[in-house]
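Biologist: Hi! Could you open the structure so that we can go through it together?
Modeller: Sure, here it comes.

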Amino acid sequence: MPTKEDTLVADLAEKLHTPPRRDLSFYLVLFVGVLPIWSVVPLSWAFVIYALHSGLLWTFAWKGWCLFALALSEVFFSVYHYNLATFISGPGPNVASNLHELQAIFRRVLQAGLASLPEEGFDEETLDVDRPGSPAETVTVLDYNDPRAVDFRNYLRTWFNKAPWSSIRRHEMYAWLYWSIFNASFPGIEKVSEAHRKVLNEVIQLLEHRAGSKIPEGSNPAASPLLLTLDPVNVAWRPLIWYAGVALSNTFLRRSLRSKWNVKIGVYKDLEYVLRVPPTWNAHTGPRPIVFMHGLGLGLTQYRRFIEHIFVSLPDYPILVPLLPHVSQEILHPRFLRPMGRREMTECLAGLLAELGWADLDEPSSDASDFEEKAPAGPKEEAKAARVQKGVTMLSHSNGSFSHAWMLKTHPRMVTRSCFVDPVTFCSWEGDLCYNFIYRPCANGLDLVIKYFVGTELGVANFLQRHFDWSSNCLWYEEIPNARDHKKTMFVLGGKDSIIDATRVKRYLTSHGVRKGLRFDPDGHHGQALLTSSPCHHEIFRWLREQH
């Protein structure tokens with residue numbers, strides 16, 4: 001008979017979700033930051049229409065003509081922006097991946113959290129297993145009140161707009177699974193092919209085992225699923241002057257970096273990058289090159305201070321920064337609405353690293369297990385150890401962790417050391433990332449800044465809502481080389497991150513034995529670790545300076 005405590009835990013997945021009330025900061029940002037920019041477009045339309053309809057246009061002096069020209073430019077640009085938004089509003093171009101591969105990934109999702117792992121992890125020094133909690137668990141029928149089943153139901157309902165678990169019906173679950181596997185709208189169980197129906201029934205049976213609960217037949221539109229790449233794209237207009245300002249700023253910074261830091265702005269295939277190689281750097285004995293994968297926002301304009309801080313703090317290190325125009329609001333860039341997927345990005349980045357001589361495509365550059373590498377024994381081995389082993393240190397922030405994950409999945413031996421800052425690639429199967437960034441109503445000023453200035457921007461919305469490949473974007477513990485070696489892998493999380501559930505990511509990592517390599521700031525917000533005022537910032541640079 002379940003105890004009172006078990007009942008309270010079980011009720012967690014039935015708890016009604018009530019969005020927090022908007023605070024004062026929301027309205028401050030709305031009226032001071034968002035509305036002045038948002039209103040440029042409708043005011044421009046009103047001014048142009050009034051000037052033409054009233055005939056006042058012909059009485060304007062040169063200042064009036066200039067103002068009219070600017071307003072007319074905004075009108076034409078808004079039509080162009082609307083056409084682009086309409087263009088991306090259709091179904092995403094992603095095609096379904098290999099069916100057997102997707103089934104294996106779904107099974108891996110169901111296995112997550114199934115092993116009885118302590119939340120505080122293991123003793124790194126005495127742990128004698130290679131991959132604690134690796135996907136060796138069998139998905140069996142759990143009891144309804146089993147804490148693992150309760151936790152699974154509670155996070156899975158996030159994909160149903162946090163509706164109580166008992167309100168989710170089979171039709172909506174089929175629709176979510178059909179989107180997840182085939183990236184298509186669910187036509188109804190009677191209309192899908194026999195092969196697809198078999199896959200759906202197999203997956204939903206395993207899901208019911210994992211949840212410790214049968215999903216009732218029928219339909220309940222109140223618990224409709226979040227179908228990220230099929231739902232209407234959420235785009236908020238912004239004026240030409242905004243995009244012009246971003247373009248001018250990024251163009252100026254490209255020239256500034258060339259003159260001030262002697263960097264090279266190059267293009268490898270379609271991948272644009274910033275490269276700085278110190279003239280005295282030696283490929284055999286010099287420090288290991290660093291690759292920085294930036295996140296969503298304004299590109300160089302947003303990350304300039306951090307990149308320049310890397311240049312100043314690590315003057316002897318080669319630095320490579322791939323530029324991602326599709327998430328940098330560079331609307332005139334030819335790749336603005338054609339973001340690189342996993343295959344193209346890894347081919348370009350791996351090819352560039354090989355061309356620079358920083359890593360080999362075929363030869364291994366690091367041991368992909370958790371065990372420490374053996375110390376060299378003889379003179380030849382010592383001489384070989386004195387040479388820096390090929391491979392790069394990859395540092396990623398936020399959305400950049402997706403590209404980081406792709407490289408670890410595809411070319412793990414090219415990345416010798418990894419540092420994840422505010423990573424969105426872990427636990428992304430749980431739905432918090434998509435819900436918080438795309439669907440959650442804004443409750444405070446920070447949420448509104450992230451939503452309007454980043455999340456609903458045309459290029460970012462296109463990337464996240466039409467090109468999001470969740471199976472490729474998920475990174476599992478066992479896919480990270482040397483994950484428990486704090487000298488080779490570092491994770492930085494902020495407890496007040498409003499985009500990811502940092503506490504759950506922390507629990508996932510620590511339960512697999514990550515201890516010394518984890519930096520968790522209970523008061524840290526998303527992106528705060530990149531600021532010099534953050535204690536984690538100094539930890540990141542201390543780790544980057546270490547020679548391993």
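Modeller: This is a predicted model, and we can talk about rings, charges, cysteines and a pocket.

Biologist: Great, rings to begin with. How many aromatic pairs does a search of the whole structure find?
Modeller: The search gives 28 aromatic pairs. One of them is F47 with F60, a stacked pair with 6.0 Å centre to centre and 10 degrees between the planes.

Biologist: Where do F47 and F60 lie?
Modeller: F47 belongs to helix α3, residues 40–54, while F60 is in the loop between α3 and α4 (62–87). The two are 13 residues apart in sequence, so the pair ties those parts together.

Biologist: And are they buried or exposed?
Modeller: In between. F47 is partly exposed at 24% relative accessibility, and F60 is partly exposed too, with a relative accessible area of 23%.

Biologist: Let's look at F292 and F306. How are those two rings arranged?
Modeller: F292 and F306 make a tilted aromatic pair, at 5.1 Å centre to centre and with 50 degrees between the planes. They link distant parts of the chain, 14 residues apart: F292 is in strand β3 (residues 290–293) and F306 is in helix α10 (residues 300–313).

Biologist: What about accessibility for F292 and F306?
Modeller: F292 is buried, since its relative accessible area is 0%. F306 is buried as well, at 4%.

Biologist: Back to F47 for a second. Which residues are in the cluster linked by ring pairs?
Modeller: That cluster holds F47, W58, F60, W65 and F68.

Biologist: Nice. Now charges: what sits over the ring of W543?
Modeller: The charged end of R417 does, at 3.8 Å from the ring centre. Another case is K506, which lies over the face of F520, 5.5 Å from the centre of that ring.

Biologist: Next, helix α18, please. How many of its residues are buried?
Modeller: Helix α18 spans residues 502–511 and is mostly covered, with 7 of its 10 residues buried. Those buried residues are A502, R504, V505, Y508, L509, T510 and S511.

Biologist: What happens just after α18?
Modeller: There you meet G513, which takes a positive phi of about 100 degrees.

Biologist: Changing topic: how many disulfides does a search of the whole structure find?
Modeller: The count is 0 disulfides.

Biologist: Take C434, then. Why is there no bond from C434 to the closest cysteine sulfur?
Modeller: Because of distance: the closest cysteine sulfur is in C474, 9.1 Å from the sulfur of C434, and that is too far for a bond. The cut-off for a disulfide is 2.5 Å between the sulfur atoms.

Biologist: And C434 and C66, buried or exposed?
Modeller: C434 is buried, with a relative accessible area of 4%. C66 counts as partly exposed, at 39% relative accessibility.

Biologist: Last topic, pockets. How much space lies in the second largest pocket?
Modeller: About 840 Å³. It is lined by 38 residues, and the closest to its centre are Q302, Y303, H397, H526 and G527.

Biologist: Which elements give two or more residues to that lining?
Modeller: Those are α10, α14 (432–439) and α15 (445–455). Helix α10 gives the most to the lining of this pocket, namely 6 residues.

Biologist: And how do the lining residues divide into nonpolar, polar and charged?
Modeller: For the second largest pocket, the lining has 22 nonpolar, 15 polar and 1 charged.

How values were computed: Residues numbered from 1 in each chain as written. Predicted model: local features only at pLDDT ≥ 70, side-chain atom pairs only at ≥ 80, totals over all residues. Heavy atoms only, no water. Phe/Tyr/Trp six-rings, centres within 6.5 Å; stacked < 30°, edge-to-face > 60°. Helix = DSSP H or I, 4+ residues; strand = E, 2+ residues; numbered from the N terminus. Buried < 20%, exposed > 50% of the residue type's maximum accessible area, 1.4 Å probe, protein only. Lys NZ or Arg CZ within 6 Å of the ring centre and 35° of its normal. 1 Å grid on protein atoms, 1.4 Å probe; cavity = no way out; pocket = protein on both sides within 12 Å on 5 of 7 lines; lining within 4 Å. Points joined across faces, edges and corners; volume = space filled by probe spheres on them. Nonpolar A, V, L, I, M, F, W, Y, C, P; charged D, E, K, R; others polar.
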